[in-house]
Amino acid sequence: MTKVDAIERVMLDNGGSATLQILYDQIERYYPTAKCSNTWDAGLRGVLYRELYHGHRFKKLGLSIYALADYKAEEILKTDKVRMHSLMEGICVELGNTYNFQTYTADPSVLYRDNTYLHNLSTLRDVPPFTYQEIIHYTRLIDVLWFNAQCLAFPKCAFEIVDSIGTLNSALNRCLQLQNFQTKFYIVSPVEHRKKFEQTMSMQIYEPFATRFQFLSYDQLQDQYNRLVKGNTNQSLFPLI
């Protein structure tokens, strides 16, 4: 069996699609010597990328999700709040990985898309012990976190997915547990909630932190993601990263 055949078998085992991490974890089932080289992971990616470019057996679904050529990608409706919430979480995690951060999610068991769960993508299983336990306790509840990948792991970005405007204040308060760190806060929400977000940030209790929060609509985030999938790195939503 060739490596291409082995990659195909792993995808079949996972319903027709797989992340790079799943391929790394399961490739030895069908190609026992896959990890004999010190650069085995780069070699596996090379085989996959060559087949994507020259072959016809695989296709790319996302930044780190690949599938069989005849696989039908899942369609998530914007009216489905539950699935849109997990979709936005997964996009935030994938983007963090792409920007070389360590990524954490409060919902690792949630289905992201196309047979992929958030734990298949996030690089951290728990929040690193970067500060007092009382702060870490609340930090664990934030939807998605990006941590510095080098030296000490401090939270660089925090993302809260606000699908219902009634949860906005709770999301803001969780983020503000990190107010003493140089963390950028993002509220990811349907565009119709932008005005309520702006009104809330003008309140006396939140106004001192207004410059640290940025509102990102679902459409903005998906557009950024789709452009990166296509290789377009211009006009990033995260220019300081």
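Biologist: Let's start with a pair: which residue in β9 is the bridge partner of A158?

Modeller: F185 is the partner of A158 in this predicted model. The two belong to a parallel pairing of β8 (residues 155-161) with β9, which holds over five bridges.

Biologist: What makes β8 and β9 count as paired strands?

Modeller: Two strands pair if at least two bridges are found between them. For β8 and β9 there are five bridges, so the pairing stands.

Biologist: Which strand does β9 join in parallel by five bridges, apart from β8?

Modeller: That strand is β10 (residues 213-217). F185 appears here too, with F213 as its bridge partner in β10.

Biologist: Why is β9 described as largely enclosed?

Modeller: A residue is buried when its relative accessible area is under 20%. Five of the six residues of β9 (residues 184-189) are buried, so the rest of the structure largely encloses this strand.

Biologist: What makes the crossover from β8 to β9 right-handed?

Modeller: The route goes from β8 through helix α6 (residues 168-175) to β9. With the strands pointing away from the viewer, a clockwise path over the helix is called right-handed, and this crossover is right-handed. Another right-handed β-α-β unit is made by β9, helix α7 (residues 194-201) and β10.

Biologist: Now the three-stranded sheet. Why are β1 and β2 called its edges?

Modeller: The sheet is open, with the order β1-β3-β2 and antiparallel pairing. β1 (17-19) and β2 (58-60) each have a single partner strand, so each has one side with no neighbour in the sheet. On average, neighbouring strands are turned by 30° against each other, direction ignored.

Biologist: How do you know that β1 pairs with β3?

Modeller: At least two bridges are needed, and β1 and β3 (residues 65-68) have three, in the antiparallel sense. S17 stands opposite A67 in β3. Helix α1 (residues 3-13) packs on this sheet and touches β1, β2 and β3, its direction making about 95° with that of β3.

Biologist: M11 lies in helix α1. Is M11 buried or exposed, and how do you know?

Modeller: Buried: the relative accessible area of M11 is 0%, and the cut-off for buried is under 20%. Beyond its neighbours within four places in sequence, M11 is in contact with several residues, including S17, F58 and A67.

Biologist: What makes N100 exposed and N115 partly exposed?

Modeller: Exposed means over 50% and buried means under 20%, with partly exposed in between. N100 has 59% relative accessibility, so it counts as exposed. N115 has 32%, so it is partly exposed.

Biologist: What is notable in the phi of N100?

Modeller: Phi of N100 is near 65°, a positive value in a residue other than glycine. N100 sits in the loop between α4 and β4 (102-105). For N115, phi is near 65° as well, and N115 is found in the loop between β5 (111-113) and β6 (116-117).

Biologist: To finish, which helix gives the largest share of the lining of the largest pocket?

Modeller: That is α8, with four residues. The pocket holds about 260 Å³ of space. Of its 13 lining residues, E74, L87, R113, Q222 and N226 are the closest to the centre. Both α4 (81-98) and α8 (218-229) supply at least two residues of the lining.

Terms used:
Residues numbered from 1 in each chain as written. Predicted model: local features only at pLDDT ≥ 70, side-chain atom pairs only at ≥ 80, totals over all residues. Heavy atoms only, no water. Axes fitted to C-alpha atoms, helices over the stretch in contact; angles between N-to-C directions. Contact = heavy atoms within 4.5 Å. Buried < 20%, exposed > 50% of the residue type's maximum accessible area, 1.4 Å probe, protein only. 1 Å grid on protein atoms, 1.4 Å probe; cavity = no way out; pocket = protein on both sides within 12 Å on 5 of 7 lines; lining within 4 Å. Points joined across faces, edges and corners; volume = space filled by probe spheres on them.
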